[in-house]
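The following paragraphs lead the reader through one structure. Please keep the sequence and the coordinates at hand while reading.

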Amino acid sequence: MRIAIIAAGIVGKATGVGLEKKGNDVVFYDIDTMKLAQLAHEGREIASSVGDAVEQSDVSMICAPTPTVNGTIDLRPLLLICAEVGRALRDRKSYHLAVVRSTVPPGTTRGLVIPRIKESAELPSDSDKLGVCHNPEFLREKFALDDFLEPRAIVIGESDAKAGTVLGSVYSSLKSPIIRCSLETSEMIKYSANLFNTTKISFFNEIHNACKVLGAEPETVSRAMPLLALGLRDDLKSQPDYDPKGARGPRAHSQWLRFFRSYHSGLLGR
Ligand SMILES: NC(=O)c1ccc[n+]([C@@H]2O[C@H](COP(=O)([O-])OP(=O)(O)OC[C@H]3O[C@@H](n4cnc5c(N)ncnc54)[C@H](O)[C@@H]3O)[C@@H](O)[C@H]2O)c1
């Protein structure tokens with residue numbers, strides 16, 4: 001399949017190089033000419049514009065940055081690219097799949113991305129020439145390509161079944177489970193994963209501090225925890241295996257809080 005990577009930053013480059021390794025024909029475009037020159041130097045195909053990249057491709061992977069400006073997500077780079085993708089599709093006769101890889105708030109792909117591409121492509125809203133997916137990325141910057149090639153799961157939010165099937169075939173050579181869902185669900189999965197990660201970081205920071213106060217080994221506790229703790233073992237279970245009404249949860253919490261408060265107020269005779 002011929003795939004256009006629009007915005008070749010960390011996610012875009014890992015996506016393009018990974019898909020090339022899996023036998024696809026990949027062309028890269030980025031607004032940063034230095035990045036393009038580097039990609040060309042590495043022997044990769046580059047395009048001179050979004051139009052140039054999209055025109056000959058079956059699939060466009062949009063990996064636009066989504067920076068935070070004044071505490072709010074800035075969707076302007078993404079929507080600018082969407083307008084250019086749409087313009088490139090104006091005279092196209094064959095089907096095209098546009099894939100949003102950026103992290104965006106639930107509702108963005110359906111409410112802003114699809115209308116922007118269709119309007120710019122001059123396509124009627126019920127056109128079947130365009131499919132759109134939201135396909136979030138979960139890679140770590142330091143291991144971008146490895147994580148792209150061995151994801152824990154591939155999430156495909158789809159505008160319709162055909163779009164999801166086409167994107168599923170792009171990933172067919174990867175062994176990971178594929179989760180197909182609505183656009184909003186996919187967008188929400190990515191935010192949930194990010195929020196869960198920040199919650200885990202805060203949790204382990206608290207545990208680390210408590211270990212230091214209590215003379216326990218924080219590194220050993222952190223290593224053992226994911227092996228043992230319920231809920232960390234099978235994140236993808238649809239039924240939570242932790243019952244907040246069950247005896248263990250609340251009792252463990254209240255016992256710990258009582259113990260640690262007492263410890264701090266010196267009741268344990270430190
Ligand atoms: N970096 C990560 O670890 C990571 C992981 C998962 C998801 N994400 C998400 O993926 C998205 C991309 O993140 P990233 O880390 O790859 O960003 P990045 O800053 O590394 O790359 C963004 C690229 O977009 C290019 N660009 C900006 N405007 C453009 C335009 N109009 N046309 C073409 N190219 C343009 C920039 O030159 C840059 O190369 C974001 O939504 C981010 O939240 C990032």
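At roughly what angle do the axes of helix H5 and helix H8 cross? The structure is a predicted model, and in it the axes of H5 and H8 (residues 183-214) cross at roughly 115 degrees and come within 8 Å. H5 is therefore roughly perpendicular to H8, since angles from 65 to 115 degrees are placed in that class. On the side of H5, the contact is made by Thr108, Thr109 and Arg110, and on the side of H8 by Leu183, Glu184 and Glu187. By residue class, this contact comprises 3 charged, 2 polar and 1 nonpolar.

The domain assignment provides a wider frame. It gives domain 1 as residues 2-183 and domain 2 as residues 192-263. The centres of domain 1 and domain 2, taken over C-alpha atoms, are separated by 37 Å.

The description now turns to the sheet. It is open and is formed by 8 strands with mixed pairing, in the order S3-S2-S1-S4-S7-S8-S9-S10. Strand S3 (45-46) and strand S10 (178-182) each have a single partner strand and stand at the edges, so one side of each is left without a neighbour in the sheet. At the S3 edge, strand S2 (residues 25-29) pairs with S3 in the parallel sense over 2 bridges. Phe28 has Ile46 of S3 as its bridge partner.

Helix H5 (residues 108-121), already met through H8, also packs on the sheet, where it touches S7, strand S8 (130-134) and strand S9 (154-158). The direction of H5 makes about 150 degrees with that of S8. Another helix, H4, lies across strand S1 (2-6), strand S4 (59-62) and strand S7 (96-100). Relative to S4, H4 runs at about 165 degrees. Strand S7 is thus touched by H5 and crossed by H4.

H4 leads on to the ligand. Which helices each supply at least two residues of the shell around the ligand? They are helix H1 (10-21) and helix H4 (76-88). In total, 24 residues surround the ligand, and the closest are Ala7, Gly9, Val11, Thr66 and Ser102. The shell divides into 13 nonpolar, 6 charged and 5 polar residues.

Taken together, H4 both lies across strands of the sheet and contributes to the ligand shell, while H5 packs on the sheet and has its axis within 8 Å of that of H8.

Definitions and conventions
Residues are numbered from 1 along each chain as its sequence is written. This is a predicted model: local features need pLDDT of at least 70, side-chain atom pairs count only at pLDDT 80 or more; totals for chains, interfaces and linings use all residues. A residue is near a molecule or strand if its C-beta atom, placed from the backbone, lies within 6 Å of it. Helices (H or I, at least four residues) and strands (E, at least two) are DSSP runs, numbered from the N terminus. Ala, Val, Leu, Ile, Met, Phe, Trp, Tyr, Cys and Pro count as nonpolar, Asp, Glu, Lys and Arg as charged, and the others, Gly among them, as polar. Two strands pair if DSSP finds at least two bridges between them. Two residues are in contact if their C-beta atoms, placed from the backbone, lie within 7 Å. Axes are lines fitted to C-alpha atoms, for helices over the stretch in contact, and angles run from 0 to 180 degrees between N-to-C directions. Domain bounds come from an automatic or database domain assignment. Angles under 35 degrees count as roughly parallel, over 145 as roughly antiparallel, 65 to 115 as roughly perpendicular and the rest as oblique.
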